[in-house]
Amino acid sequence: MSGPLGPKLAIARAVGALSRLRGGGATSVPGKVLTRLEPDAIGLLGARLSRGSVLISATNGKTTTAAMLASILKRAGLPLVHNRAGANMAGGIASTLLAAAHGRAGIDGELGLFEVDEFWLAQLVAQLRPRAILLGNLFRDQLDRYGELETIAERWAKTLQENPGRDARLVLNADDPMVADLGRARADAEGSANRSAADVVYFGVDDNSLALPHMAHAADAKHCRNCGAPYSFDAVYLGHLGHYRCPSCGQARPAPIVRATDVHLEGVRAARFMLHTPAGAAEVALPLPGLYNVYNALAAAALAYALDVSLETIVAGLQNTRAAFGRAETVTLSATEPGGETVERELRILLVKNPAGANEVLRTLALEPGEHDLLGVLNDNTADGRDVSWVWDADFELLAGRVRRATCSGTRAAELAVRLKYAGVELARIEVQPELATALSMALGGREEEEEEEEEEGTAGGAPAPGPRAPLYALPTYTAMLALRDLLAERGVTGSALT
Amino acid sequence: MSTASRTLRVCALYPDLMNIYADRGNLLVIERRCVWRGIPFQLTSCGLSEPLDADAHDLFYLGGGQDRDQVLCTEDLLATKRDALHAAAARGAIVLGICGGYQLLGRSYELSPGEQIAGVGLLDVRTVREDGPRLIGNVAIEVTLDGEKAVLAGFENHGGRTRLGVDQAPLGRVLRGYGNDGHSGFEGARSGNTIGTYLHGPLLPKNVWFADWLIATALGLDRQELLPLDDTLEREAHESARIAAHA
């Protein structure tokens, strides 16, 4: 590509500023302009990072794992360039680098920490030549966009075998057969310039008290990638994650060196576990809920370990992680009671976007005692996946009998309502309101917004009025989560109010 | 109103492998709608290498799977279940194939260019590969069942293009979306009570009238003989699926 980079950076910045002025909020705009002007911009800017880059990919947990790592690495004194807003395709990463770059060769930060969309891993590995790659899990997700799991696994395997992917240190989830298998080729890799690349850092859970009675319905990766025979599972922890071996070829879960034992899940708020690394063991009190966040924490700890961060710093970083954007975020809202009285009400936002992720959110919710008020928001925009069939693979049955009131919203509100009905939630407890602002008011308890006609028909079964102070749980898909945050911002609840 | 409470016996073929597009939603809708009406419901699964009893079920269900699983199931279908499926179809049992299941009910299925596998042969269709993108999106079709026209709405996502044999009837006419091959205007295939379609999403929660048609037909009843249910939410879901398809 001809021409100096400087003027191209200036043009991309100007277009980005213009786009923001015109109300375009997309963080990827300047990066998209830049990569059009200079296709290797990511590589050129990434090369300015004195300590190189690390990449994180997975179906679920990318943003949270990266947030945990950022918390750890900042404590370790590493200045980061990090795409924290979750813009994880080439445009978003180029924007992040562009914002940090200055002068002819400068950049504000020493290490690049990038979460990467599963589909974009190959391209970003080629450009960024990362020193380490963390791969967390592969679950069934947005089949209309990503295609089959095995297709992604094949693409990842190819990326890791080729230059420069083969020189990156690998951090892999031992409990996900499809992900762990990607490390198999490393053991006998030849021609790698980086000798430590041969040592894969595996992480996994060792706690049989967590084992599920049977594999979730939507589990994938049940067959050995090596020989095709069905795996035999000694324990299933989450989706298809667990302890497995292939009875046919002997392929088995690799022994992880970064492990969690003694896991205690504390409802929708927190989790505790013992973290083991070759440097020792320590208890971690994680301010995020659910086994899925224990896996995210293990992943972050394993990558930090691979970067030679001390166990003490890892634990402190994990314990001080804040909820990422829409992932178990909590805000406090004022709601109007039927009597006109204003009360404070907690709203907990739990992003749901695919069966495996939704199941963990539902499992975590089910740990909380009593009946819950839910605001489910099902959108079918491109970023959500146009195909809403995944809600039928998610185990909403876990909440049957535990729902006080479910307000269903979003572009496919009725489909979600039907899903809840067939999962066993009483019809009288389900309401449909596609328009999100109205649905939020209804769910919070602003009964005056309901039409009388609905009052007669919809609640004839006597849905109990929601109590004033019980939290409202919002389960939005991705674009619904963004819309919900915009609504909260309009109500004056901003990011600073997030705990 | 029929008070006959003969059990509806459903057999899910390879439910652990052929389930990629939330096929269990279809089975759940049939089950709940039977239970709500007091119709005894029985679900049996039949997996790899298990024999299939042609007379033990009223409805045979075959969903879609990943390519690797689909090949495993095809080999097994031909080896252990083909004759039973033909016998079941011949006595009027319902055989419903969705997406990959539809392809496997046909004569042949092209896995990759030049690599063809034989299907069960209950429907006179052949699925081939063509250059061009996968056919993905919301879809609505018009079907005629028992002389009545009605709309099925759903989602399709298939790389294969399915061609009907000269005497093979489609399931319906495409209103919006791609259908069998993106240009013929036909979707699915139907021979008697053997039905194949690309519509998932899943199909039955969005089209409960069709779930009821399947239940009634499998029990040898008329749809009007089934106890009516409160389908307010289901009708809204059907409407929103049609709106998504712009139909």
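In this predicted model, strand S8 (residues 201–205) and strand S11 (residues 258–266) of chain A run parallel and are joined by three bridges. One residue pair shows how they align: A:Gly204 has A:Arg259 in S11(A) as its bridge partner. Helix H11 of chain A packs on the sheet, where it touches S1, S6, strand S7 (169–173), S8, S11, strand S12 (270–277) and S13 of chain A, and its direction makes about 150° with that of S11(A).

The sheet of chain A is open and has nine strands with mixed pairing, in the order S2-S5-S1-S6-S7-S8-S11-S12-S13. Strand S2 (80–82) and strand S13 (280–286) of chain A stand at its edges, and because each has a single partner strand, one side of each is left without a neighbour in the sheet. From one strand to the next, the twist averages 15°. Another helix, H6 (residues 121–128) of chain A, lies across strand S1 (53–57), strand S5 (111–115) and strand S6 (132–135) of chain A, and runs at about 175° to S1(A).

Chain A is divided into domain 1 (51–94 + 108–319) and domain 2 (327–497). Between them, 24 residues of domain 1 of chain A are in contact with 18 residues of domain 2 of chain A. On the domain 1 side, helix H4 (62–75), helix H7 (143–146) and helix H11 (290–306) of chain A each supply at least two residues.

Turning to chain B, an open sheet of four strands has antiparallel pairing and the order S9-S8-S11-S12. Its edge strands, S9 and strand S12 (186–187) of chain B, each pair on one side only. Strand S11 (residues 172–176) of chain B pairs with S12(B) in the antiparallel sense over two bridges, and B:Gly172 has B:Glu187 in S12(B) as its bridge partner. Helix H6(B) packs on this sheet, touching S8 and S9 of chain B, with its direction at about 60° to that of S9(B).

The two chains also meet, in a contact that takes 22 residues from chain A and 27 residues from chain B. Helix H1 (23–35), helix H2 (67–90), strand S8 (135–145), strand S9 (148–158) and helix H6 (232–244) of chain B each supply at least two residues of the side that touches chain A, and the largest share of that side, six residues, comes from H6(B).

The table gives the residue classes of two contact sides.

| Contact side | Nonpolar | Polar | Charged |
|---|---|---|---|
| Side of chain B that touches chain A | twelve residues | eight residues | seven residues |
| Side of domain 1 of chain A that touches domain 2 of chain A | eleven residues | nine residues | four residues |

Technical notes: Residues numbered from 1 in each chain as written. Chains lettered and ligands numbered in written order. Predicted model: local features only at pLDDT ≥ 70, side-chain atom pairs only at ≥ 80, totals over all residues. Contact = placed C-beta atoms within 7 Å. Nonpolar A, V, L, I, M, F, W, Y, C, P; charged D, E, K, R; others polar. Pairing = 2+ DSSP bridges. Axes fitted to C-alpha atoms, helices over the stretch in contact; angles between N-to-C directions. Domains from an automatic or database assignment.
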